[in-house]
Amino acid sequence: MGNFTVTIRKKARYVDPTLCNTCGECAKVCPVVVPDEYQMGLSSRKAAYIPFPQAVPSSYILNMDDCLGNNPIACGKCADVCDKQAIDFDDRDELITREVGAVIVAIGLDVYDPAPLDEYGYTRFDNVITSMEFERLICAGGPTAGHFVRPSDQRQPQRIGFIQCVGSRNPAIGRPYCSSICCMNTVKDTLLLADHYPGVENVVFYQDIRAVGKSFEELFQRSKEAGTRYVRGLPGEIEEDPVTRNLIVTVENTTSGDLERHELDMVVLSVGVQPPKDLAKISGLLTLSKTSEGFFLEAHPKLKPVDAPTRGVYFAGFCESPKDIKDSVCQAGAAASRAGALLNAGSIQIEALTSRIDDAACTKCGLCAPVCPFSAITWHKGELAVVTEAMCMGCGSCSATCQYGAISMRHFTDEQLLAQVRAILAEDPQDKVFAFACNWCSYAGGDMAGISRITYPATNRVVRTLCSARVSDEMVIEAFRCGAPVLLVSGCHYADCHYINANRQTVKRIHRLWDRLEKAGVRPERLQLEWISAAEGQKFARVMRQLEELRATVTPEEIAHARTALKPRTKKKAAAETAAVAGAS
Amino acid sequence: METTVESFRCMMCGEVFQESMEKGEDRERTCPKCRSNSIRHLKAPRTPHQERMP
């Protein structure tokens, strides 16, 4: 851990910043005109430009995606007028390699594009804008120098509507989460308008105003005192008056129950935020996992909120979850502090819950390497597999995958777990519901059921593993051979897996076991799979009740059949299966 | 992304249902009837040609 080789691409500027004195002559003669991304397309720029006023170094760049071409030079007017000869068409991207001890991931966010929400008419009506476009219009450094005008006729609007939760808290479009910043951004915008243009009418359409944070409620009250009207209800439709270009907003006021129609000069869509598009790429580079909402998953939501599951990687800002500037700054400080602690430590201590490979038993098949979510196992064809213990987090997926018993998990060895299976089922196995539960979620879910005093059948017997992926075929088969009527393998929900995606191996294994049970004439329903989180005590109890009902349907004959039909796998058969899997992959 | 409609069987309640499935998807499945996660993907039966393949 703490040993990353990072390759950084420094993009070519095509303008030497040490020579450029930002006179702007290159931009004046540049014939290319494209929308200015920084101004949200509300103004234009040239191919030679300064990306934004505060850019460092403060010098022009040539955007080769827009330029007419540098190989061969198609235009070259910028080079002709540059007295300092700062234009360099031969500039190339530079790859810089650095050895680093820690990585802080702070890749920010993307803003939701409201175009698919046709009811708001963002693509049909000029005077429907997003909150990001509002920011540019009201900003002194914006395309209108801070004069807030509506796009259709450059006239100052008198009645402005704000629609909240556009692209947030909407499961129908796959965005069930609150973006957390939009409410207070709108409150701030209404105060800005009231300050800049006294007499302007602001109407905010909302479902809830979430003013959580220091002085936020006070700001919200100030907005109301400044005359902003807050209407509880999200508009169902926006129409445009073709003559005045005014917008007719129809909304059900859920407080009064009335259907209201508002004629407004302009509507601002308070757009939500979403994970950045490059998040998947970074996720692959650093073997990070994601939540169901698409943000990065932290190592632990309470105890390690800035740590990634991959050691030496930390999060700051929006890529981990929606948060405002203050929280982002706090998290960035915490991430820097965590990284500093790692870099300053002469040595580190890791949990002794790691895999160990027995070289004598390893057959060099290499099946263990691809199932490791942390890439902690190195294997080359014809060579023994090697575990980098500092990278191993102890899920046990490799140990469960190895058919030859060559990989053992310290403190969770096959022998230890099988001994628990046999001991639990030694007496009256027909009366017991046997369960494997992962340490982080399912086992904690059982604890939650207990401390919440939720009653469930007392027939269950739970064996704890670090991850559901640790449960091998052999453990399941041994439980049935010992007379288990039903068996549960349970783990974290997909997005919550504490070992990135190790529980996907569990799913594959359970599907293989269902096939194997069926072939052996054993009812596959006797093997169950559930995802139970630490907070789902109710679900744990429900599953235990369902399993108890299932157990009652298993006859002694079925149990006896499974005892004899499921044979331990011979080494020869295991080798054949391994070869088949290797060939298929 | 290639999407197909596939059949699934709940191993808890026996409910058979169909859902769209994207190739290479990474998605948790739940029984629409009993909310169990014991969902078995019912693969199409192998063709005689596939049966002959090693």
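A residue counts as buried here if 20 or more other C-beta atoms lie within 10 Å of its own, and as exposed if 12 or fewer do. With that cut-off in hand, helix 10 (residues 414–424) of chain A is a good place to start in this predicted model: A:Asp414, A:Leu417 and A:Val421 of this helix are buried. The three residues cover an arc of only 80° around the axis, so they sit on the same side of helix 10 of chain A. That fits the usual helical geometry: with 3.6 residues a turn, residues three or four places apart point the same way. On the face turned away from the buried side, helix 10 of chain A carries the exposed residues A:Glu415, A:Ala419 and A:Ala423. As for what does the covering, the elements over the buried residues of helix 10 of chain A include strand 22 (407–409), strand 24 (460–465) and helix 12 (473–481) of chain A.

Next comes a helix pair. Two packed helices are described by the angle between their axes and the distance between the axes. For helix 11 (residues 442–451) and helix 14 (residues 537–553) of chain A, the angle is about 95° and the axes are 7 Å apart. Helix 11 and helix 14 of chain A are therefore roughly perpendicular to each other. Helix 11 of chain A brings A:Gly445, A:Gly446, A:Met448 and A:Ala449 to the contact, while helix 14 of chain A brings A:Gly537, A:Lys539, A:Phe540 and A:Ala541. Sorted by class, the residues of this contact come out as four nonpolar, three polar and one charged.

Zooming out, the domain assignment splits chain A into domain 1 (4–100), domain 2 (102–348) and domain 3 (417–579). The C-alpha centres of domain 1 and domain 2 of chain A lie 31 Å apart. Between them, seven residues of domain 1 of chain A are in contact with ten residues of domain 2 of chain A. The domain 1 side of this contact has five nonpolar residues, two polar ones and no charged ones.

That leaves the contact between chains. Here, eleven residues of chain A are in contact with nine residues of chain B. On the chain A side, helix 13 (503–519) and strand 26 (527–531) each supply at least two residues. Strand 26 of chain A gives the most to this side, with four residues. The class breakdown for the side of chain A that touches chain B is five nonpolar, four polar and two charged residues.

Notes:
Residues numbered from 1 in each chain as written. Chains lettered and ligands numbered in written order. Predicted model: local features only at pLDDT ≥ 70, side-chain atom pairs only at ≥ 80, totals over all residues. Domains from an automatic or database assignment. Contact = placed C-beta atoms within 7 Å. Nonpolar A, V, L, I, M, F, W, Y, C, P; charged D, E, K, R; others polar. Axes fitted to C-alpha atoms, helices over the stretch in contact; angles between N-to-C directions. Parallel < 35°, antiparallel > 145°, perpendicular 65-115°, else oblique. Arc of directions from axis to C-beta.
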